[in-house]
Amino acid sequence: MNSMMDGKELFDTIREIDLNGVIREIGRDGHALTQTEITALAVTGILGLLICLLGLKIIRVWAALTGLAFGFALGVTAGGLLGLNGMGMLITGGVLGLILAVLGAALYRVGVFLTVFVSAGSVSTYLIAPQDWIGTAICLAIALVAAILAVRFVAALTIIVTSIYGAAIAGTAVYHLLPVTGDAILIALCVVICIIGILVQLLLESRKQKKKSLQKAAEIREEKSTANEVERARAMMDNLDDMPEEEK
């Protein structure tokens, strides 16, 4: 009985976490940031910048972290709905989180799908703030469509979605650390960071593609050089066969 109650309490606690409410409380007029809040905002801002600037560059790392967090939350939620106790919910979440983390890191396109799905879903949830199942369904649909398209258009969609997601996180964190107020300033911060993130990721991707092109060109030149050497050696052998014995 106690185990069932512990499981229900854990499930209710996780379900009732309201990050938007926490952010609103931090941004409330007259609210003085504590040292813990300042540290949390700074870490969050750095994490957001890394996602914004290096979304595609280290997609396997993001995929592993995303798969771990998403799988854990999904497993705990499923365990709560199935009536498991607290330890059973944690085990279910841990196992599912590890599975998705490994799949995301090992399989490139699975990692892209997971990262874009969670990123697009988080951004749409933040912007739409769904109050019923219809709003939730819209957010899930947006996330699913973006993730499916990202599997086909890996570079473009991943860069755009991770830049927006990272900019939203970093911009919000930086905004609450600055002694300024106003939605226009928050939006401006997010937009500027997003543009910088897209440009940086495009530059990194361009360098990566250029490096691949140079490596491919070097391989082709090496293959042609080897083929020419073989052809010259064969021609020399043919000439030797045609020469009189005295000249040999």
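In the predicted model, ring pairs join Phe70, Phe113 and Phe117 into a cluster. The structure holds two aromatic pairs. The pair of phenylalanine 70 and phenylalanine 117 is edge-to-face, with 5.9 Å centre to centre and 65° between the planes. This pair links distant parts of the chain, since phenylalanine 70 belongs to helix H4 (residues 59–81) and phenylalanine 117 to helix H6 (residues 108–128), 47 residues apart. The pair of phenylalanine 113 and phenylalanine 117 is stacked, at 6.1 Å centre to centre and 5° between the planes. Both phenylalanine 113 and phenylalanine 117 lie in helix H6, four residues apart, or about one turn of the helix. An α-helix has 3.6 residues a turn, so residues three or four places apart point the same way.

The members of the cluster differ in solvent exposure. Phenylalanine 117 has a relative accessible area of 16% and is therefore buried, the cut-off being under 20%. Phenylalanine 70 counts as partly exposed because its relative accessibility is 28%. Phenylalanine 113, with a relative accessible area of 27%, is likewise partly exposed.

Helix H6 carries two residues of the cluster, phenylalanine 113 and phenylalanine 117. The end C-alpha atoms of H6 are 30 Å apart, in agreement with the 30 Å that its 21 residues should span at 1.5 Å a residue. The buried residues of H6 are Gly111, Val112, Leu114, Thr115, Val116, Phe117, Ser119, Ala120, Gly121, Val123 and Ser124. Their cover includes H4, helix H5 (86–106), helix H7 (133–152) and H8. Just after H6, alanine 129 adopts a positive phi of about 50°.

Threonine 115 is another residue of helix H6. Its relative accessible area is 4%, so threonine 115 is buried. When residues up to four places away in sequence are not counted, threonine 115 touches Ile59, Trp62, Ala63, Thr66 and Thr162. Two of these residues, Trp62 and Thr162, also appear among the contacts of glycine 55.

Glycine 55 is located in the loop between helix H3 (35–54) and H4. Its relative accessibility is 0%, and glycine 55 therefore counts as buried. Leaving aside neighbours within four places in sequence, glycine 55 is in contact with Leu50, Trp62, Thr158, Thr162 and Gln201. The C-alpha atoms of glycine 55 and serine 163 are 6.9 Å apart, although the two residues are 108 residues apart in sequence.

Helix H8 (residues 154–177) comprises 24 residues. From its first C-alpha to its last, H8 reaches 34 Å, close to the 34 Å expected at 1.5 Å a residue. H8 is mostly covered, with 17 of its 24 residues buried.

The unreviewed UniProt entry lists residues 38–56, 62–84, 96–121, 133–151, 158–178 and 184–204 under "transmembrane region". Over residues 133–151, the chain in the model is 100% helix and 0% strand, and the end C-alpha atoms are 27 Å apart. Over residues 158–178, the chain is 95% helix and 0% strand, with the end C-alpha atoms 29 Å apart.

Cysteine 52 lies within the range 38–56 of the UniProt list. The structure holds zero disulfides. Cysteine 52 is accordingly in no disulfide, and the nearest cysteine sulfur, that of cysteine 194, is 6.0 Å away. The cut-off for a disulfide is 2.5 Å between the sulfur atoms. With 0% relative accessibility, cysteine 52 counts as buried. Cysteine 139 also counts as buried, at 4% relative accessibility.

At the level of the whole chain, the protein has nine helices and zero strands. From the N terminus on, its elements run α-α-α-α-α-α-α-α-α. Of the 248 residues in the protein chain, 29% are buried. Among contacts with a separation of 6 or more, 70% are between residues 24 or more positions apart. The accessible surface of the protein chain comes to about 15800 Å², and carbon and sulfur atoms account for 69% of it.

Notes:
Residues are numbered from 1 along each chain as its sequence is written. This is a predicted model: local features need pLDDT of at least 70, side-chain atom pairs count only at pLDDT 80 or more; totals for chains, interfaces and linings use all residues. Side-chain values use heavy atoms; hydrogens and water are left out. UniProt positions are given in the numbering used here, feature names are shortened, and annotations may be inferred rather than shown by experiment. The expected span of a helix is 1.5 Å times one less than its number of residues. Buried means under 20% relative accessible area, exposed over 50%, partly exposed in between (1.4 Å probe, protein chains only). Contact means heavy atoms within 4.5 Å. Accessible areas come from the Shrake-Rupley method with a 1.4 Å probe; for residues, only the protein chains shown count as cover. Rings of Phe, Tyr and Trp (its six-membered ring) pair if their centres lie within 6.5 Å; planes under 30 degrees apart count as stacked, over 60 as edge-to-face and the rest as tilted.
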